[in-house]
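Let's take a friendly walk through a protein model together. Have a look at the structure below, and then we will visit some helices and what lies between them.

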Amino acid sequence: MKKFSTDKAAYKLINDILTALSNKQIVGGIFFDVEKAFDCVDHNILVAKMDYYGKRGTMFNLIKSYLEDRYQRVKFNNAFSTWDKINIGVPQGSVLGPLLFLVYVNDLPSEIPSTVANTDSSIILFADDTSLIINDPDLINFERNLNTNFRIVNEWFNSNFLSLNFDKTYYMQFITKNKLLNN
C-alpha cells in the first residue's frame, strides 16, 4: 500500500531508537513473533472491528462475503477429508490477507500507554510483525514499564486468539559503544 512500506516501518523503528539514544535514555525493543498469525484471525472479531471502525456498505459486505462460507479439506496419500467450514484465518498470499490482518491488530497500539512517567513507548506494526520500543532515563522505571507493556501486549494477543511464539520473540537493548548496562 502507498505510504505503508517496509521502509516506513524500518525508519520509524530506527528513528525511535536513535532519538532515545541521543537523549541519553535507556532503550530496548521487544520483537514479537505471532504463531501462525494469518491462520488465527477470528472472522467474527475481524468483522466486528471493521464495523467499529465504520467500514460499512458495499466494501464491508464484500469483505464479509469474502470471509464467510469458506471451506477446506485435506488431501493425504490420495485420500481426502470431508469439507469443513472455516471461521478463522485470512488467505495467505492474497492481496487482502495482510490488509485484513492489519485491521485485526489496528487497536493494539491504543492498549500501550504512550507515556508513563518519563517512559516513552512506541509500537510499530507491519503485516504480522510487531515491535515495541521502550525508553526511559531511569533503569527501574524502564524495567517496570518494559515488563508491564510486554504483559499488556501478550494479554491483547491472547484476548484476540493470537499466540506469541516465545522461541522467536526477542528482547534487545540498544546502547552506544560508550555505555553498557547490566539489566
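## Two helices and the cores

On the other side of helix α1 from its buried residues, Asp7, Lys8, Tyr11, Leu18 and Ser22 are exposed. Keep in mind as you look that this is a predicted model.

Which residues of α1 are buried? They are Ala9, Leu13, Asp16, Ile17, Ala20 and Leu21. These buried residues span an arc of only 130 degrees around the axis, which means that they sit on the same side of α1. Just after this helix, Lys24 has a positive phi of about 60 degrees.

Now meet a second helix, α6. Here are the two side by side:

| Helix | Residues | Number of residues | First to last C-alpha | Expected at 1.5 Å a residue |
|---|---|---|---|---|
| α1 | 6–22 | 17 residues | 24 Å | 24 Å |
| α6 | 139–159 | 21 residues | 30 Å | 30 Å |

At the N-terminal end of α6, Asp138 acts as a cap: one of its side-chain oxygens lies 3.2 Å from the backbone nitrogen of Ile140. After α6 comes Phe161, with a positive phi near 60 degrees.

The buried residues of α6 include Phe142, Leu146, Ile152, Val153, Trp156 and Phe157, and among them are also Asn141, Asn145, Asn149 and Asn154. Why does Asn141 count as buried? Its relative accessibility is 17%, and buried means under 20%. Asn141 and Phe38 are 103 residues apart in sequence, and their C-alpha atoms are 35 Å apart in space.

Next, the nonpolar cores. In soluble globular proteins, nonpolar side chains tend to be buried together. In this model, the largest nonpolar core has 32 residues, and those with the most contacts inside it are Leu46, Leu132, Val153, Phe157 and Leu162. The elements that each give two or more residues to this core are β1 (26–35), α2 (43–52), α3 (58–67), α4 (96–105), β8 (129–136) and α6. Which element supplies the largest share? That is α6, with 6 residues.

Leu162 is a good place to zoom in. Setting aside its neighbours within four places in sequence, Leu162 is in contact with Val34, Ala37, Cys40, Phe101, Tyr104, Val105, Trp156 and Phe157. There is also a second, separate core of 9 residues, which includes Ala9, Leu13, Val27 and Phe174. You have already met Ala9 and Leu13 among the buried residues of α1.

How values were computed
Residues are numbered from 1 along each chain as its sequence is written. This is a predicted model: local features need pLDDT of at least 70, side-chain atom pairs count only at pLDDT 80 or more; totals for chains, interfaces and linings use all residues. Side-chain values use heavy atoms; hydrogens and water are left out. Helices (H or I, at least four residues) and strands (E, at least two) are DSSP runs, numbered from the N terminus. The expected span of a helix is 1.5 Å times one less than its number of residues. Buried means under 20% relative accessible area, exposed over 50%, partly exposed in between (1.4 Å probe, protein chains only). The arc is that of the directions from the helix axis to the C-beta atoms. A polar contact is a pair of N or O atoms within 3.5 Å; within protein, one must be able to donate a hydrogen and the other to accept it, and residues adjacent in sequence count only if both atoms are side-chain atoms. A nonpolar core is a set of buried Ala, Val, Leu, Ile, Met, Phe, Trp, Tyr and Cys residues joined through side-chain atoms within 4.5 Å. Contact means heavy atoms within 4.5 Å.
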